Amino acid sequence: MSDSEDAPPPFENPFDTARSAEERVYDTVLQTRQPKTAKDMANAADCDPKTARKYLEWFSKLGVVTEHDGEPPTYERNDRYFEWRRINELASKPAAELQSQVQSLIERIETYEQRYDADDPSEVDALAPPDDISTETAFAELTDWQTARSELQRHEQARRLQAGDSSPPVRQ
């Protein structure tokens, strides 16, 4: 063995040496919020652009990414795929566990509704919270409130999926 083979991995990527190019491209897709070229994705995933393009085209066929026509084509994360995946993941849980999580989310939402005397976090001005709540706390709680509402909707969709009801959810 030469000295270079005994050397530790580069400091910039000390833990990525065992991750495949496919995993790195997938991780890059997860972090991408705007359409990017295969070359941009390859740079972020530390792989060859041809390799990135191969996986991006495959991910496009699976629905993980959306491919946009152009020269060169661009790719972006398909949030609907990840939403669908999350709902199916929740639907695979035992019904009692799902119901317990729904109840917990409802209680969390009701706590925020009472604390802010509002039905929706968008009705609250985070810069002018109630006297006993700091602006920082208000921002954090309003974010958590919105997250809880989104999670409740996913949980309700999962419960309907478990029950065999494939109708779209009713917006609250």
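Q: At 19% relative accessibility, does Y81 count as buried or exposed?
A: A word on the setting: this is a predicted model, where local features need pLDDT of at least 70 and side-chain atom pairs count only at pLDDT 80 or more, while totals for chains, interfaces and linings use all residues. Residues are numbered from 1 along each chain as its sequence is written, and side-chain values use heavy atoms, with hydrogens and water left out. Buried means under 20% relative accessible area, exposed over 50%, and partly exposed in between (1.4 Å probe, protein chains only). Y81 has 19% relative accessibility, so it counts as buried.

Q: What kind of aromatic pair do Y81 and W84 form?
A: Both residues lie in helix 5 (residues 79–91), three residues apart, about one turn of the helix; helices (H or I, at least four residues) and strands (E, at least two) are DSSP runs, numbered from the N terminus. Rings of Phe, Tyr and Trp (its six-membered ring) pair if their centres lie within 6.5 Å; planes under 30 degrees apart count as stacked, over 60 as edge-to-face and the rest as tilted. For Y81 and W84 the centres are 5.9 Å apart and the planes differ by 40°, a pair that is tilted.

Q: How far apart in sequence are the parts that the pair of Y116 and W145 ties together?
A: These two rings are stacked, 6.0 Å centre to centre with 25° between the planes. Both residues are buried, Y116 at 8% relative accessibility and W145 at 0%. Because Y116 lies in helix 6 (residues 95–116) and W145 in helix 7 (residues 135–162), the pair ties together parts whose separation is 29 residues.

Q: Which ring does the charged end of R77 sit over?
A: Ring pairs link Y26, Y55, W58, F59, Y81, F82 and W84 into a cluster. A charge sits over a ring if NZ of Lys or CZ of Arg is within 6 Å of the ring centre and within 35 degrees of the ring normal. The charged end of R77 fits this description, 4.4 Å from the centre of the ring of F82.

Q: How far apart are the end C-alpha atoms of helix 4?
A: The expected span of a helix is 1.5 Å times one less than its number of residues. Helix 4 (residues 49–62) has 14 residues, so it should span 20 Å, and the separation of its end C-alpha atoms agrees: 20 Å.

Q: What arc do the buried residues of helix 4 fall within?
A: The buried residues of helix 4 are A52, Y55, L56 and F59. Seen down the helix axis (using directions from the axis to the C-beta atoms), they line one face, because they fall within an arc of 105°.

Q: Which exposed residues does the face of helix 4 turned away from its buried side carry?
A: The buried residues of helix 4 pack against helix 2 (21–31), helix 3 (38–45), strand 2 (65–68) and strand 3 (74–77), with contact meaning heavy atoms within 4.5 Å. The face turned away from that buried side carries the exposed residues K50 and K61.

Q: Which residue caps the N-terminal end of helix 4?
A: Just after helix 4, G63 takes a positive phi of about 95°. At the N-terminal end, a side-chain oxygen lies 2.9 Å from the backbone nitrogen of K50, and the capping residue is D48.

Key. Polar contact = N/O pair within 3.5 Å; in protein donor to acceptor, adjacent residues only side chain to side chain.
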